[in-house]
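Please look over the sequence and the coordinates together before reading on. The paragraphs below are meant to be followed with the structure open.

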Amino acid sequence: MRAHTLVIGGGVMGLSIAAELAARLDPLEAPVVLLERREFGAGSSGRSGAILRAFYSDRELIGMARDSLRAYASFATRTGRSIGFTRCGVLSIGAPGAQAALIERNLAAMRECGVEVERVDAARLRELAPGIDVAPDTIAAFEPGGGFVDPQRTCQAFAALARSRGATLREGARVVRWCVERGRAVGVEVECAGALQRVEFQRAVVAAGPWTRALLELLGVRLPLRAVRPEQHFVAMPSPSSGASSFERESPEEWLDARFAPPPEPRAAHPVLLDLERGFYTRCEPARGRTRIGALDYARDLELADPDALDEAVSAEFSAWARERLCSRLPAYRVAPDVAAQAAWYTLTPDSQALIGPCPGAHNVFVASGFSGHGFKLAPSIGEGVAQLVLGEAVGAFDPKFFAPERFEQRRERPGGAFGL
């Protein structure tokens, strides 16, 4: 098999990249091939909260999240494929002091970048999330345009889009070896259905999440990536209150022709919460009748030496912590039964920002990994920008220097924060 560009990894990043490359390349003259070791979305992407928000300190990320939100909001209209986009709003909540200062800084940066965002006080918080327990001096940033998508449906939709543009996608295809000639990577050997096959390429993009580090080490490329194991807990979602969707609305930007709009998604009970004060996030999953709770930092997450050795069992300690945090903020959940729990993967870098660009020492092999728990919301921008980068176009979707893989060699690293906030 021959590829102009080979993409390794069938999560939301790899699929978005493949779709953007296929839109720019002739499928016969310059074929795009994607290989996924299991099924599309089987790794981090399929277990993602898939929250869409622009609450960041870095303008580079704010702009990417803003553009990606627009792409997700219009995805069904542009492609005819539903991804479960739900606009329920996102609240980033903080206590007085350092958290409030962070919120004020991010609010200013978001407004400068053209993001619709509102500074809200405790009274307004109670309107947006009825029953929420907040102190009188609590503040928050409210993004009315934010929300979430269904991660599995989104991965399948990107896969269908890539195929419709001429890309070849293979599931159950595991890369086992790089083929190198005269110091240049020219192909890979792939195990598929018990047989080995060689795939040749001019350029390759590795977007394999927690498997990226090991894959690149087979090529002699070492990057500061590590995989950790976050846990998530789920409780039954209460029925939406009458005011829970008062800020949900459509606009011409989202639905270019209402006649072709998909049926509405089930309503969320409340906005997405990023609770800086209590260290957790939560978002409703109305299609499954449940609400997800996770931690806002990586301190409790165990490092995984082998991503394939993920322990699926969630500790009773974490589940109790998650319930306590959620119920302390939204007391209505005290009567909600537990319904599920899961472990997942995050791929981290030292500064909590991704590595995107050509690999040091292997410049026809590109990496897009290390999104540190906030990649899903950036995937459309990443797909567009990586396609531009790989094809030698001017990169307008993101700042390549911000994500350059060699930045740590140049000692420009900085301390990473919770989800890069």
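What follows goes from the whole chain to its helices and then to single residues.

The model is predicted. Its chain holds ten helices and 22 strands. How does the radius of gyration of the chain fit that of a compact globule? A compact globule of 421 residues would have a radius of gyration near 22 Å, and the chain has 21 Å, so the two agree. Along the principal axes, the C-alpha atoms fill a box of roughly 65 × 50 × 40 Å.

Buried residues account for 58% of the 421 residues. The accessible surface of the chain is about 16800 Å², and carbon and sulfur atoms contribute 49% of that surface. Contacts reach across the sequence: taking those between residues at least 6 apart, 75% join residues at least 24 apart. As for charge, the chain has 50 positive and 51 negative charges, and their mean positions lie 1 Å apart.

Three helices can be checked for length and then for cover. Helix α2 runs over residues 59–73; at 1.5 Å a residue its 15 residues should span 21 Å, and the end C-alpha atoms are 21 Å apart, so the helix agrees with the expected length. Its buried residues are Leu61, Ile62, Gly63, Met64, Ala65, Ser68, Leu69, Ala71, Tyr72 and Ala73. When reading such a list, recall that an α-helix has 3.6 residues a turn, so residues three or four places apart point the same way.

Helix α8 covers residues 316–329. Its 14 residues should span 20 Å at 1.5 Å a residue, and this agrees with the 20 Å between its end C-alpha atoms. Among the buried residues of α8 are Phe318, Trp321, Ala322, Leu326 and Cys327, and the buried set also includes Arg323 and Arg329. Which strands do the buried residues of α8 pack against? They pack against β5 (90–94), β14 (231–236), β15 (272–275), β16 (280–285), β17 (290–295) and β19 (338–343).

Helix α9, residues 379–390, passes the length check too: twelve residues at 1.5 Å each should span 16 Å, and the end C-alpha atoms are 16 Å apart. This helix is mostly covered, with ten of its twelve residues buried. The buried residues include Ile382, Val386 and Val390, along with Gly383, Gly385 and Gln388. Just after α9 comes glycine 392, which takes a positive phi of about 75°.

A positive phi also turns up in residues that are not glycine. Alanine 50 has a positive phi of about 50°, and its place is in the loop between β2 (32–36) and β3 (51–52). Alanine 193 has a positive phi near 55° and sits in the loop between β11 (184–192) and β12. Are these two alanines buried or exposed? Alanine 50 has a relative accessible area of 2%, so it counts as buried, the cut-off being under 20%. Alanine 193 has a relative accessible area of 79%, so it counts as exposed, the cut-off being over 50%.

Beyond that loop, alanine 195 lies in strand β12, residues 195–206. With a relative accessible area of 40%, alanine 195 is partly exposed. Its C-alpha atom is 9.8 Å from that of alanine 173, and the two residues are 22 residues apart along the chain.

Alanine 122 belongs to helix α5, residues 122–128. This alanine is buried, with a relative accessible area of 4%. Leaving out residues up to four places away in sequence, alanine 122 touches Val134, Ala135, Pro136 and Thr138. Alanine 140 is 18 residues from alanine 122 in sequence, and their C-alpha atoms are 8.2 Å apart.

The last stop is asparagine 364, in strand β22, residues 362–369. Its relative accessible area is 7%, so asparagine 364 is buried. What does asparagine 364 touch, apart from residues up to four places away in sequence? Its contacts are Arg184, Ala185, Phe201, Gln202, Arg203 and Ala204. Of these, Arg184 and Ala185 fall within the range of β11 (184–192), while Phe201, Gln202, Arg203 and Ala204 fall within that of β12 (residues 195–206). Asparagine 364 and glycine 220 are 144 residues apart along the chain, and their C-alpha atoms are separated by 14 Å.

Terms used: Residues numbered from 1 in each chain as written. Predicted model: local features only at pLDDT ≥ 70, side-chain atom pairs only at ≥ 80, totals over all residues. Heavy atoms only, no water. Helix = DSSP H or I, 4+ residues; strand = E, 2+ residues; numbered from the N terminus. Rg over C-alpha atoms; globule rule 2.2 N^0.38 Å. Buried < 20%, exposed > 50% of the residue type's maximum accessible area, 1.4 Å probe, protein only. Contact = heavy atoms within 4.5 Å. Areas by Shrake-Rupley, 256 points an atom, 1.4 Å probe, with all protein chains shown as cover. Lys, Arg positive; Asp, Glu negative; His and termini not counted. Charge placed at Lys NZ, Arg CZ, Asp CG, Glu CD. Expected span 1.5 Å × (residues − 1).
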